[in-house]
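Good morning, colleagues. Please take a moment to look over the chain on the screen before I begin.

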Amino acid sequence: MSKTIEFSATVSATTRNGVLVVTIDNPPVNATSVDVRSGLEKALAHAETAPDVTGVVVTGAGKTFIGGADIKEFGKPATEPTLPAVIEKIEGLSKPVVAALNGAALGGGLEVALACHYRVASPAAQVGLPEVKLGIVPGAGGTQRLPRLIGIPAALDLITSGRSVKAEEALTFRIIDDVAAGDLVETAISAASALAGKPLRRTGDLTVAAVDPAEVEKASVKILAKARGQKAPAEAVRLVTSSNRPLAEGLADERATFLALRDSREAAALRHVFFAERESSKVEGLEGVEPRPVKTIGICGLGLMGSGIAVAALGAGYSVIGLDQTVEAAEKGRERIIGLLERNVASGRLDQAGFEAQKARLSVTAEDVDLAPCDLVVEAVFDDLAVKTDLFQRLDKVIRPDAVLATNTSYLNPDEIAAATAHPERVLGLHFFSPAHVMRLLEVVRCAKTAPDVLATGLAVAKKLRKLPVVTGVTEGFIGNRIFSAYRREAEFLLEDGALPHEIDAALEDYGFPMGLFAVYDMAGLEIAWARRKRQAATRNPSARYVEIADTLCEAGRLGQKAGRGWYAYPDGKRTIDPEVTTIIEAARAKKCIVPRAFSKGEILERMLGAMALEGEALLAERIAARSSDIDLVMINGYGFPAHKGGPMFAKA
């Protein structure tokens, strides 16, 4: 082995058996910073002219090959050398260049690998082009080289979804040429040596495989429908489906498209969301605080919510003890949990061995004392203060004093629940969203007396559950439901003022919401919110504006889809505008002597988004939310706010 050559602060190389092994070491993810690009360019120039070098291997230090662009350069003009220029030099080198993918090769990392003449991966490697998730398209050849390698349909799937694939699937796709059984770099060196002096397969020179235009059209229509107006997936479709033109032409189009999208409002919104997720984990007062160890989680109440939480916990490797009121209820809960796990097996998310292991870590009971081994207990019982406080007082008697208690309440005051316990400092809120094994958001509620290490425990468990935890203070509905309440109120005010449900829903869906507000109500059922309004009637401020239309619908038995009618009618299960609802709305306006007026989609959006942002400002002023970006994350991940709009606070900024 020769001595190490430092080509830059992050790129070094040694020569082994005549092959220059170039290692990128730019922690934490070996991002393609200007120093990495410069170092690679110098290494390639050295390899081209060095007589003792017959080939090149490019690999990464640590657990990542190249994790993509340097986030410090996001939104800034590119610095020379650009990644496309470096990639062109890789592909054009007269000596073989082999990529040794030691870990994730994402975005620019995969584009570097695509330009190499051969690709070997470790079994742990994964590849992907996730750029659409940031509102952009690959900008260094991804939309042109990937279709040449794997065909247009497969490239469309990977690029427009932004998903990553593991080494075995990448081999099936032919993105990589080999999965190393032994030492990765040695396998790559052998490949480079075998290719030396032979004609090289340059990806950019390959011909895109012929494909049925009808198949491409069908896939494209499906992708564009799912994109709901986002620009990046549409541009990715255009670039991939036209990749059978000359490479230089395609690369120039791709780069121009990438630069235009990079500077768009959509990309700025998605960058905001990206950084917001990183920022959300920084919690005041938790610097250096260690979470309590958690191995066994107790779940009280095995209905839909409790079962979902159990599935998430089992999937994260925890042992779960489920508690319900009777032996029969507990057994039904166990069956529900097993059913959800079986669904995961059927969908391919879980293999049979994993299913058996998770099932083995699950037990259920109707006896409080059986929760004694738990390190954390999450209650998911009926949202009633007396029911929850009684449960927590019972738990005080059977679980260790250092075990953590979490309430999953949506609207009750967790400080009142904590105050009824012997150890209020060990109580916090973990507000899951339904279905709890699917929804990513988890509001972590910091109660008045929650100990720092208890809050840290909640955050650590949330991350292990693969949730996005957002810390909130105590207020009715926390961050999400409080803003949702303001949003709902404004929609009802709009009804009285002149808009109709389908007009409001159309404005929201055009904006990017997956479903309009009134359609969502019908899907969920109107009776739960109705019961809550009736409970609050006695304490409601009589001078505050209150819209009775929803109550009138419920009194008429219009409880949503399952009743066949709600805000809409559902003949044959299909949502249709119902003149009877319009009549009810008109009667409500007349009762209040409101003269209705027409609203444009823009005016509807202005009022709806304005109501959300105004309530968000109040949450910040009251220090319920730590930062406006936390509010955006909650509304995007829990309430369907379109991520490419950045959230209500970003949208109104």
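I shall go through a strand pair, the aromatic residues, the empty spaces, and then some points of backbone geometry. Please keep in mind that this is a predicted model.

Let me begin with strand E19, residues 468-472. Is this strand enclosed or open to the outside? Five of its five residues are buried, so the strand is largely enclosed by the rest of the structure. The burial applies to both faces of E19: on one side Leu-468, Val-470 and Thr-472 are buried, and on the other Pro-469 and Val-471 are buried as well.

The partner to consider here is strand E18, residues 441-445, which runs parallel to E19 and is joined to it by five bridges. To place the register, Leu-442 stands opposite Pro-469 of E19. How does the chain get from E18 to E19? It passes through helix H17, residues 452-464, in a β-α-β crossover that is right-handed.

I turn now to the aromatic residues. A pair of aromatic rings is described by the distance of the centres and the angle of the planes. Across the whole structure, the search finds eleven aromatic pairs. One of them is formed by Phe-274 and Phe-275, with 5.4 Å from centre to centre and 85° between the planes, an edge-to-face arrangement. Phe-274 has 28% relative accessibility and therefore counts as partly exposed. Phe-275, with a relative accessible area of 32%, is partly exposed too.

Another edge-to-face pair consists of Phe-513 and Phe-641, where the centres are 5.3 Å apart and the planes meet at 70°. This pair links distant parts of the chain, since its two residues are 128 residues apart. Phe-513 lies in the loop between H19 and helix H20 (517-524), while Phe-641 lies in the loop between helix H25 (628-639) and helix H26 (648-652). Are these two rings buried or exposed? Both Phe-513 and Phe-641 are buried. They also belong to one aromatic cluster, whose members include Phe-433, Phe-484, Tyr-487, Tyr-511 and Trp-567.

Trp-567 brings us to the empty spaces, as it is also among the residues that line the largest cavity. Rolling a probe the size of a water molecule over the atoms shows where empty space is left. How many cavities of 30 Å³ or more does the structure hold? There is one, and the largest cavity has a volume of about 40 Å³. Besides Trp-567, its lining consists of Pro-501, His-502, Tyr-568, Ile-577, Asp-578, Val-581 and Thr-582. By class, that lining comprises five nonpolar, two polar and one charged residues. Helix H19 (501-511) and helix H23 (579-591) each supply at least two of the lining residues.

The loop that leads from helix H22 (549-555) to H23 contains Gly-573. This glycine counts as exposed because its relative accessibility is 62%, where the threshold is over 50%. Its C-alpha atom is separated by 7.6 Å from that of Gln-561, twelve residues apart along the chain.

Of the open spaces, I will mention the second largest pocket, with a volume of about 290 Å³. It is lined by 15 residues, and the closest to its centre are Glu-284, Arg-446, Arg-623, Ala-625 and Ala-626. The classes here are six nonpolar, three polar and six charged residues.

Finally, the backbone. Most residues other than glycine have a negative phi, and most peptide bonds are trans. Where does this chain have cis peptide bonds? One joins Glu-80 and Pro-81, with omega about -5°, and Pro-81 sits in the loop between strand E5 (64-66) and helix H2 (83-92). Another joins Ser-434 and Pro-435, with omega again about -5°. Pro-435 is in the loop between strand E17 (427-432) and E18, the strand that pairs with E19.

As for positive phi, Arg-228 has a value near 45°. Arg-228 is located in the loop between helix H8 (213-227) and helix H9 (231-241), and it is partly exposed at 37% relative accessibility. Cys-593, which is not a glycine either, has a positive phi of about 60°. Cys-593 follows H23 in the loop before helix H24 (601-621), and its relative accessible area of 67% means that it counts as exposed.

That concludes my presentation. Thank you for your attention.

Key
Residues numbered from 1 in each chain as written. Predicted model: local features only at pLDDT ≥ 70, side-chain atom pairs only at ≥ 80, totals over all residues. Heavy atoms only, no water. 1 Å grid on protein atoms, 1.4 Å probe; cavity = no way out; pocket = protein on both sides within 12 Å on 5 of 7 lines; lining within 4 Å. Points joined across faces, edges and corners; volume = space filled by probe spheres on them. Helix = DSSP H or I, 4+ residues; strand = E, 2+ residues; numbered from the N terminus. Nonpolar A, V, L, I, M, F, W, Y, C, P; charged D, E, K, R; others polar. Buried < 20%, exposed > 50% of the residue type's maximum accessible area, 1.4 Å probe, protein only. Pairing = 2+ DSSP bridges. Right-handed = clockwise from strand over helix to strand, strands pointing away. Phe/Tyr/Trp six-rings, centres within 6.5 Å; stacked < 30°, edge-to-face > 60°.
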